[in-house]
Amino acid sequence: IDVYHRTGLYKAEWPFVPGNEAAGDVVAVGPGVSEFSVGDRIVYNGPIGAYAEERVMPADQAIPLPADISYEMGAATLLKGLTAYYLLHLTWPLRKGETILFHAAAGGVGLLACQWANAIGATVIGTVGSDEKAKLAASNGCHHTINYREENFVERVREITGGKGVDVVYDSIGKDTFEQSLDCLRKRGLMVSFGNATGPVAIPNLGILAAKGSLFVTRPTTSGYFSERPDLLSAADQLFKAMREKTITPHIGQRFSLLEVADAQRALEGRKTTGSTGLIPKRLNQK
């Protein structure tokens with residue numbers, strides 16, 4: 001999402017400080033704030049402005065960070081974990097025995113979602129861009145990996161499922177994979193498009209959904225599911241519980257100084273990252 005804001009895919013009021021998620025300490029509270037006190041540990045996903053050592057933000061966007069979860073793990077996991085939670089538990093309440101296709105299975109959301117789906121008892125098929133990423137996805141709950149650079153993922157999905165197709169496709173890639181993903185679904189299956197890494201998706205003709213088996217399509221977002229604070233706190237509790245019980249184990253694949261954020265975004269855009277990417281403020285690097 002930081003890249004989306006920088007490129008203008010997601011509009012932000014100019015000028016702005018990028019960065020959507022972070023963890024840290026409360027150093028001051030404004031009038032009328034009763035839920036937090038100075039010294040409290042918090043984590044948040046928005047509003048933008050996280051590329052800073054200190055910032056002002058609305059209290060209703062802050063989430064208490066449990067003492068047994070580190071700042072780094074909190075910051076690296078919140079948005080991706082909440083996304084995995086709503087995808088698997090709310091958008092399509094995944095059940096044991098179902099089969100899913102998850103694109104970018106070695107990414108930040110992908111690794112968490114594959115672990116979580118595996119724990120539910122689903123069969124997980126994941127696409128990746130290298131053999132190294134295939135090994136990582138396989139060690140994080142992915143039963144079948146498809147290197148899209150070497151294999152036709154539609155053909156492989158049909159082969160794995162005996163021609164039936166999967167119950168759900170989860171796709172954060174966007175334009176490059178959307179239409180092919182529809183061919184991976186069983187009749188009346190669900191296409192979940194939750195990202196635009198290669199550009200936004202357009203469906204010029206809704207009839208394509210009928211022709212491919214009366215398919216369903218949705219474009220969910222975290223704000224669509226967690227705009228109300230009770231829903232946000234409830235989902236965060238479920239996420240922290242899953243982390244505490246080792247249902248999911250976050251993977252921080254790379255760390256950069258906050259001063260190296262340009263390099264971090266180039267790595268993201270070049271698909272050279274795995275799991276989450278951490279940005280560490282300068283003063284923490286000096287400790």
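In this predicted model, Arg 271 is partly exposed, with a relative accessibility of 32%. That value falls between the 20% and 50% cut-offs, so the residue counts as neither buried nor exposed. Arg 271 sits in the loop that links α10 (261-269) to β11 (276-280). Its backbone is also notable: phi of Arg 271 is near 55°, a positive value in a residue that is not glycine.

Lys 246 also has a positive phi, near 65°, and is likewise a residue other than glycine. Its loop runs between α9 (229-244) and β10 (252-257). Lys 246 has a relative accessible area of 63%. The cut-off for exposed is over 50%, so Lys 246 is classed as exposed.

Most residues other than glycine have a negative phi, and most peptide bonds are trans. Two cis peptide bonds are described next. One joins Trp 14 and Pro 15, with omega at about -5°. Pro 15 lies in the loop between α1 (2-7) and β1 (21-25). The other runs from Gly 46 to Pro 47, and its omega is near 0°. Pro 47 belongs to the loop between β2 (41-45) and β3 (62-64).

Loops thus hold each of these residues: Pro 15, Pro 47, Lys 246 and Arg 271.

Terms used: Residues numbered from 1 in each chain as written. Predicted model: local features only at pLDDT ≥ 70, side-chain atom pairs only at ≥ 80, totals over all residues. Heavy atoms only, no water. Helix = DSSP H or I, 4+ residues; strand = E, 2+ residues; numbered from the N terminus. Buried < 20%, exposed > 50% of the residue type's maximum accessible area, 1.4 Å probe, protein only.
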